[in-house]
Amino acid sequence: MGYATWPHGWPVRASIYQAHFSSPKKQRYRIDLRIDWTAVALITLCFFFRSASNFIFVPREDTASRSATPTRMATPEPKLFHKWTYGDVVVNDISLVDYIALKQKDKFAQYLPHTAGRYNVKRFRKAQCPIAERLVNALMFHGRNNGKKLLAVRVVKHAFEVIHLMTDKNPLQILVDAIINSCPREDSTRVGTAGVVKRQAVDVSPLRRVNQSLYLLTTGARNASFRNIKTLSECLADEIMNAAKGSSNSFAIKKKDEIERVAKSNR
């Protein structure tokens, strides 16, 4: 005889006895299941005392304070790499305000330039990508660097540290100034019919200006670091700082001046 648990949770006393049939060859064992009400009463008392011990009697004055709505804690402002703030960054070119994603929306301010967003699915959606992440993505070129985003994030992080040490300013502000200074405003395109081709000067859209600026900045840093003792982070920091100052030592500034000069001759 022993205890078992029925599917609905009641304790059951099981007793096994030998059933006698008319024929001695047909003897079988049967199990007699009956609810043990004593065990039910004991289990009910145990649950009652266990739940009663969890009650905490609160005085009347504390009840009012508990019913008051708790104050919501203010969420801290996200900082890039937990260091660089977005709030004090200013875009001085009014035509690029909507295409340099910094603080226009809450989702633009990220702790890391790695949002795993699908910005290439729809046209113009990459304008919603945070500008630091766009710089990281622009570093992953030339096949052997494709997909190495964590490496690119580390390069940008070290470059921002170098920029802060050299200028004592917010590296995000230096990056925005570099993008504004190194994006060409005028370019030339091929226009013609029936085999007659002519180059015509055209204005550049704001989104393409940002795209081309990032491409020129990262290309100049990559070329400068090739077969050089300086690391890619240091070359990227130098390129961004020179472009922010408008110096002709910047590869992006030189290419921008060349593009605009050619476009001016094709007006």
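A residue is buried here when its relative accessible area is under 20%, exposed when over 50%, and partly exposed in between. The model is a predicted one. By that cut-off, 35% of the 267 residues of the protein count as buried.

**Exercise 1. Get your bearings: how many helices and strands does the protein have, and what share of its contacts between residues at least 6 apart in sequence join residues at least 24 apart?**

Step 1. Start with the secondary structure, which comes to 8 helices and 7 strands.

Step 2. Now take the contacts between residues at least 6 apart in sequence: 55% of them join residues at least 24 apart.

**Exercise 2. Find which residues touch the most other members of the largest nonpolar core, and which helices supply at least two residues each.**

Step 1. The largest nonpolar core has 44 residues, and I100 and F160 touch the most other members.

Step 2. Helices α3 (131–139), α4 (149–167), α5, α6 (206–225), α7 (232–245) and α8 (251–265) each put in at least two residues of this core.

Step 3. Look around I100: leaving out residues up to four places away in sequence, I100 touches V91, I131, V176, I179 and V210.

Step 4. For background, nonpolar side chains tend to be buried together in soluble globular proteins.

**Exercise 3. Work out how α5 sits against α4 and against α6: at what angles do the axes cross?**

Step 1. Two packed helices are described by the angle between their axes and the distance between the axes.

Step 2. For α4 and α5, the axes come within 9 Å and cross at roughly 95°. Angles of 65 to 115 degrees count as roughly perpendicular, so α4 and α5 are roughly perpendicular to each other.

Step 3. Now pick out the residues that meet. From α4 come F160, I163, H164 and T167, and from α5 come P171, L172, I174 and L175. Sorted by class, this contact holds 6 nonpolar, 2 polar and no charged residues.

Step 4. Repeat for α5 and α6, whose axes come within 8 Å and cross at roughly 105°. These two helices are therefore also roughly perpendicular to each other.

Step 5. Here A178, I179, I180 and S182 of α5 meet R209, V210, S213, L214, L216 and L217 of α6. The class count for this contact is 7 nonpolar, 2 polar and 1 charged.

**Exercise 4. Decide whether R209 and E133 are buried or exposed, and say which side chain each joins in a polar contact.**

Step 1. R209 lies in helix α6. Its relative accessibility is 8%, under the 20% cut-off, so R209 counts as buried.

Step 2. The side chain of R209 makes a polar contact of 3.2 Å with that of S95. Beyond four places in sequence, R209 touches D93, S95, L96, I180, C183, P184, R185 and V204.

Step 3. E133 sits in helix α3. At 2% relative accessibility, E133 is buried too.

Step 4. A polar contact of 2.7 Å links the side chains of E133 and K149. K149 is also among the residues that E133 touches beyond four places in sequence, along with P113, H114, T115, A116 and Y119.

Step 5. Zoom out to α3 itself: 8 of its 9 residues are buried, so the helix is mostly covered. Among the buried ones are I131, E133, R134 and L139. The cover includes β4 (79–80), α4, α5, α6 and α7.

**Exercise 5. Trace what N181 touches, and find what its side chain reaches at 3.1 Å.**

Step 1. Place N181 in helix α5 (residues 171–182). With a relative accessible area of 26%, N181 is partly exposed.

Step 2. Set aside residues up to four places away, and N181 touches A243, A244, K245, G246, I253 and K256.

Step 3. Take A244: it is 63 residues from N181 in sequence, but the two C-alpha atoms are 6.4 Å apart in space.

Step 4. The side chain of N181 reaches the backbone oxygen of A243 at 3.1 Å.

**Exercise 6. F81 and R227 each have a positive phi: which loops hold them, and is each buried or exposed?**

Step 1. Most residues other than glycine have a negative phi.

Step 2. F81 is not a glycine, yet its phi is about 55°. F81 is in the loop between β4 and β5 (84–85), and is buried, with a relative accessible area of 9%.

Step 3. R227, not a glycine either, also has a positive phi of about 55°. R227 belongs to the loop between α6 and α7, and counts as exposed at 82% relative accessibility.

Methods: Residues numbered from 1 in each chain as written. Predicted model: local features only at pLDDT ≥ 70, side-chain atom pairs only at ≥ 80, totals over all residues. Heavy atoms only, no water. Helix = DSSP H or I, 4+ residues; strand = E, 2+ residues; numbered from the N terminus. Buried < 20%, exposed > 50% of the residue type's maximum accessible area, 1.4 Å probe, protein only. Contact = heavy atoms within 4.5 Å. Polar contact = N/O pair within 3.5 Å; in protein donor to acceptor, adjacent residues only side chain to side chain. Core = buried A, V, L, I, M, F, W, Y, C linked by side-chain atoms within 4.5 Å. Axes fitted to C-alpha atoms, helices over the stretch in contact; angles between N-to-C directions. Parallel < 35°, antiparallel > 145°, perpendicular 65-115°, else oblique. Nonpolar A, V, L, I, M, F, W, Y, C, P; charged D, E, K, R; others polar.
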